[in-house]
Amino acid sequence: MLTPAVSEDLSQLVHLEASDPADGSQASSDNRRLFGLDAEALAARMVAAGEPAWRGRQLAEALYRQRITELDAITTLPKILRQRLAAEGWHVGRSAIAQVFQSVDGTERYLVQCPDGYGLTVETVWMPEGDDGESGDGSNAEILQSQGTPSLTPQDANLLTRDSRAAGANSLHLFETSRQKATLCISSQVGCAVNCRFCLTAKLGFQRNLTAGEIAGQVIAVFDRHAVEVGRDRVNLVFMGMGEPFLNYDNFMGAVRLLIREVGLSPQRMTVSTSGIVPGIKRFAAEPPEFRPKLAISLNAPNDAIRSEIMPINRKWPIESIVAAVRPIKLRPRERITFEYVLLDSVTDRPKDAQEVARLVRRTGLPAKVNLIAWNPGPGIHYSTPLPEAVEAFRKVLIDAGIPTYLRKPRGRDIYAACGQLKRTVEG
Ligand code: SF4
C-alpha cells in the first residue's frame, strides 16, 4: 500500500513516461538550430538547400571538432551560403556557460544556459583528476595502466613522434605529463521527477527534458573552456548531473551518439547512472557496444524496505527487477556494473547494512563494483553525513567480502557541486 506522498511521486513518473516527446520538442519551438544535428542530418539540410551533401560533413566538423559558435565564422562554407542560411533563420545555437563557481579543490560548477530563449540553466561540473568514481570499472585508461602500457591513439603517436624528435628519449614522460585528466558530470534534464529524498535536485521538481544538442552542448562548452584536446586528454563523462537520463532516453542516447560519432569520444569513457528505470535499462541493454556507455545503478540501500523510503521509485521498480534488467547487458572485457551507494548516517551506513549490501551484490552474480559516497549535505534535507569511521568500516566489510569497493572523493562541496547537490544554487 503506497502512502499518499509516494502515490503522487509515481503518478508524476507515469505521466512523464506516457507523454514526454522523445525528441525533446517540448523544449523549444526553435527548429533552426544546427547544433544537435549529426553529420547525416546536416547533410540532408544541405541537400534541401540545394547544396552537395558533403557540406554536411563540413558543418559537423565546424560544430563538433572546431567548436565554432557562430554561423558566420564557419569559413569552410562559402560566404553566400552562410548568409543565405542565416537569412532563413539557421544558427548554431549551442549551450553556453553563463556562470562559473570555483571550489578550493579545483572543481568548477557551471550554470549552463540552454539556448531555448526561456533563460533555463542546467548544471555541469568539471573535476580535475576526477573523483575516483571510474576506478575499477574497466575504463580503458585503467586497463592500459594495469598492463603498464601507455594509451596511444594515432594522434598520440604523431605527437609522440614530434616530441621524440624535439626532446629525445624522455619525451614519452614529458608528453604524458602534459595531458589533462578530469571527469565531467553532465545533466540530462532540468530538475528531476524521481524525488530521491537525499537529493537537492529533487527539490526543483521536473521542469523539462534537455534535447540531445543541449546535453552534448554542455560537454563542448566545457571542453572549449579547458582547451580539451580529444585524443590527447583523458576526460571521463558521467551522466550523473541533474535529472534521470533514462526518463529522457532518446535525447540522452542521441547525445551519446553525437559525442561518439561527431566529437570522437569513446563510450568506454562514459558512464550513465540510473535510479533504476527498468524500461530504460532494457532498451540500454539492446544498444550496440560501440554506442553503449558503462552503467551505474544508484542503489543506495541494502534492501527494498529502506530503498523505498529514500527512493520512492523503488516501489515501482524494486531491486530484483533492476538486477533482472541489467543481467542481459553484454559487458566488455573487464567492464563492471557500478553500484553507487550514498551513505546516510544511521540510515544506510550501519554494519548490518554493509553485510546486506555485500550479500546482495554477490547474489546478483554480476561483475560489479561498489562506489561509496558519503552523503553531501544540502539545505532542507534532513539527513546527516556519516562519520569517517562508519564509512571506513562499511568499506572494509565489502572489501573483506571480495567486492571491489571505492570511496568517491567529495569534490566541490563548498560550491554545491558535489553529488546530489545540484540545484542551480547561485551562491558560490
Ligand atoms: S539522485 Fe538523481 S534520480 Fe534521484 S532525484 Fe536526484 S537527480 Fe533525480
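## Ground rules

Helix axes here are lines fitted to C-alpha atoms over the stretch in contact, with angles running from 0 to 180 degrees between N-to-C directions. This is a predicted model, with local features needing pLDDT of at least 70, side-chain atom pairs counting only at pLDDT 80 or more, and totals for chains, interfaces and linings using all residues. Residues are numbered from 1 along each chain as its sequence is written, and side-chain values use heavy atoms, leaving out hydrogens and water.

## H2 on H3

Start with helix H2 (residues 39–48) and helix H3 (residues 54–65): their axes come within 7 Å and cross at roughly 130°. Helices (H or I, at least four residues) and strands (E, at least two) are DSSP runs, numbered from the N terminus. The pair is therefore oblique; angles under 35 degrees count as roughly parallel, over 145 as roughly antiparallel, 65 to 115 as roughly perpendicular and the rest as oblique. The crossing of H2 and H3 is right-handed, that is, the near helix is turned clockwise from the far one by less than a right angle.

On the H2 side, Ala39, Leu42, Ala43 and Met46 do the touching, and they meet Arg55, Gly56, Arg57, Leu59, Ala60, Leu63 and Tyr64 in H3 (contact means heavy atoms within 4.5 Å). That contact splits into eight nonpolar, one polar and two charged residues. For the classes, Ala, Val, Leu, Ile, Met, Phe, Trp, Tyr, Cys and Pro count as nonpolar, Asp, Glu, Lys and Arg as charged, and the others, Gly among them, as polar.

## H8 on H9

Helix H8 (residues 212–225) and helix H9 (residues 249–263) have axes that come within 7 Å and cross at roughly 45°, so these two are oblique to each other. Their crossing is right-handed.

H8 brings Ala212, Ile215, Ala216, Val219 and Ile220 to the contact, while H9 offers Asn251, Phe252, Gly254, Ala255, Leu258, Leu259 and Val263. Sorted by class, that makes 10 nonpolar, two polar and no charged residues.

## H13 on H14

With helix H13 (residues 351–364) and helix H14 (residues 388–400), the axes come within 9 Å and cross at roughly 30°, so this pair counts as roughly parallel. The crossing of H13 and H14 is right-handed.

Asp353, Ala354, Gln355, Val357 and Ala358 of H13 pack on Phe394, Val397 and Leu398 of H14. The tally is six nonpolar, one polar and one charged.

## The cavities

Searching the whole structure turns up two cavities of 30 Å³ or more. A cavity is a set of points on a 1 Å grid over the protein atoms alone where a 1.4 Å probe fits but cannot get out, and lining residues have an atom within 4 Å of a point. The largest has a volume of about 480 Å³, volume being the space filled by probe spheres set on the points.

Thirty residues line the largest cavity, with Phe198, Cys199, Met240, Gly241 and Ser298 nearest its centre. Strand E8 (270–274) and strand E10 (337–343) each supply at least two residues of that lining. By class, the lining has 16 nonpolar, 11 polar and three charged residues.

Key:
On a 1 Å grid over the protein atoms alone, a cavity is a set of points where a 1.4 Å probe fits but cannot get out, and a pocket is an open set with protein on both sides within 12 Å along at least five of seven lines; lining residues have an atom within 4 Å of a point.
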